[in-house]
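Me: Hi! I have a structure open and would like to talk through how it packs. Could you take a look with me?

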Amino acid sequence: MEKENPPVENWLNLDEIEDLATKTVSKKAWAYYYSAADDKISKRINTEAYRSIQLRPKVFVDCTRCDLSTNLLGNPVSIPIYVSPAAMARLGHESGEAGIAEACRSFGALQIISNSASMTPEQIVAGAAEGQAFGWQLYVQGDRTKSERMLDRIHKLKAIKFIALTLDSPVGGKREDDQRHGNVNQTMTDSGSEANDYESLENDSGKPVNPAEDQVFLGMDPSLTWSETLAWLARHTTLPIVLKGIQTHEDAYIATKYKSQVKGIILSNHGGRSLDTAPPAVHTLLEIRKYCPEVFDNLDVWIDGGIKRGTDVVKALCLGARGVGIGRAALWGLGAGGVAGVKRTLEILTDETKTCMRLLGVEHVRDLGPQHINSRLLEKQIYDGPADLDREQIKSRSRL
């Protein structure tokens with residue numbers, strides 16, 4: 001008989017939770033959650049990069065109070081930690097993305113619903129608290145009418161506050177763990193949910209979906225461009241747009257030229273799942289600080305990838321990120337202990353973040369800044385070429 005996991009209150013860190021989930025979920029679920037592109041170098045460096053940043057504690061500071069509340073795209077949240085788009089949650093636990101939403105509700109945290117969720121968006125937000133905020137991840141399909149139908153549904157859900165247009169995976173990366181366990185070319189229903197290892201979902205009309213009829217996952221549009229795609233999206237939504245998958249300071253800068261439509265960017269390499277050896281998001285954050293710091297004045301800058309500790313959260317906030325996302329960590333928590341496991345994951349990160357801030361002598365997240373860290377070691381690793389921000393060149397590129 002398989003040994004049960006220890007009580008959630010005894011779980012101490014996110015690595016421990018991942019180990020517990022690995023022993024609990026199916027091999028197919030483990031492969032999907034764990035996998036990354038090629039040799040998993042970007043996945044590993046995503047976490048290691050934070051270890052190169054040192055903290056600078058201040059003493060003789062009253063650290064009685066610690067307030068993690070902030071706002072993300074104008075939405076008040078209790079913690080700066082949000083859940084990144086995390087697909088196929090029901091492979092790990094039957095409560096799925098709705099279970100993650102329940103945990104986020106308990107912590108006043110924001111959640112971005114995956115375009116590849118294993119539940120419909122209506123199911124996921126059904127139990128949302130008043131004021132609980134969600135985003136919807138959008139992969140643009142080659143048949144744009146499918147994306148437009150999805151947007152029409154999203155607009156009916158008041159809890160969904162913005163669209164996260166994902167740009168870091170115009171084509172899928174080579175994920176060998178997925179290939180070994182048959183997780184390749186999953187099909188998605190027209191509700192925007194992958195059909196794999198759980199009962200059939202229903203489409204708009206309430207009729208069961210036949211995934212073989214609508215392989216949306218295989219129809220992602222690889223031809224997206226700044227001007228054409230953003231103009232198309234602006235015609236089909238009035239919700240704020242966040243660009244997910246920015247990996248260079250140049251693209252962050254170009255995003256500011258579309259600030260009438262684009263309200264935020266998420267620095268991300270898709271958890272290392274797309275292009276191996278792409279830079280960790282914290283490198284991109286440092287690039288922006290070095291070459292075009294005005295980005296922070298024009299857009300909400302969020303970051304995800306490799307977050308394992310509250311100290312990682314604090315370091316990202318010190319460098320200018322407003323929100324810090326976790327993806328796999330939420331799935332591992334769900335797989336290890338269901339809703340309670342996700343709550344414990346958020347509890348650990350929240351408590352570690354508070355402890356770190358108190359030891360730094362900082363009461364509120366808005367007071368965190370570069371003065372609280374030493375990033376010199378990491379700065380030696382970031383891009384050191386020309387800024388490539390020639391105004392005419394940028395203008396030309398942004399027309400493409």
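Me: Happy to start simple: what share of the 400 residues counts as buried?
Reply: Of the 400 residues, 56% count as buried, where buried means under 20% relative accessible area, exposed over 50% and partly exposed in between, with a 1.4 Å probe and protein chains only. Please keep in mind that this is a predicted model, where local features need pLDDT of at least 70, side-chain atom pairs count only at pLDDT 80 or more, and totals for chains, interfaces and linings use all residues. Residues are numbered from 1 along each chain as its sequence is written, and side-chain values use heavy atoms, leaving out hydrogens and water.

Me: And how many helices and strands are there?
Reply: There are 15 helices and 12 strands. These are DSSP runs numbered from the N terminus, with helices (H or I) of at least four residues and strands (E) of at least two.

Me: Cool. Which residues have the most contacts inside the largest nonpolar core?
Reply: Those are Ile100, Leu243, Ile265, Leu267 and Ile303, in a core of 100 residues. A nonpolar core here is a set of buried Ala, Val, Leu, Ile, Met, Phe, Trp, Tyr and Cys residues joined through side-chain atoms within 4.5 Å.

Me: Which helix gives the most to this core?
Reply: Helix 13, residues 328-360, with 13 residues. Apart from this core lies another, of 12 residues, among them Leu72 and Ile266.

Me: What does Leu267 touch?
Reply: Leaving out residues up to four places away in sequence, Leu267 touches several residues, including Ile246, Leu285, Trp302 and Asp304. Contact means heavy atoms within 4.5 Å.

Me: Switching to aromatics: how are Trp30 and Tyr34 arranged?
Reply: They form a stacked pair, 4.8 Å centre to centre with 15° between the planes. Rings of Phe, Tyr and Trp (its six-membered ring) pair if their centres lie within 6.5 Å; planes under 30 degrees apart count as stacked, over 60 as edge-to-face and the rest as tilted.

Me: Where do those two sit in sequence?
Reply: Both are in helix 2 (residues 27-34), and because they are 4 residues apart, about one helical turn separates them. Trp30 is partly exposed at 21% relative accessible area, and Tyr34 is partly exposed at 27%.

Me: Which charged residue sits over Tyr34?
Reply: Lys43, with its charged end 3.4 Å from the ring centre. The rule asks for NZ of Lys or CZ of Arg within 6 Å of the ring centre and within 35 degrees of the ring normal.
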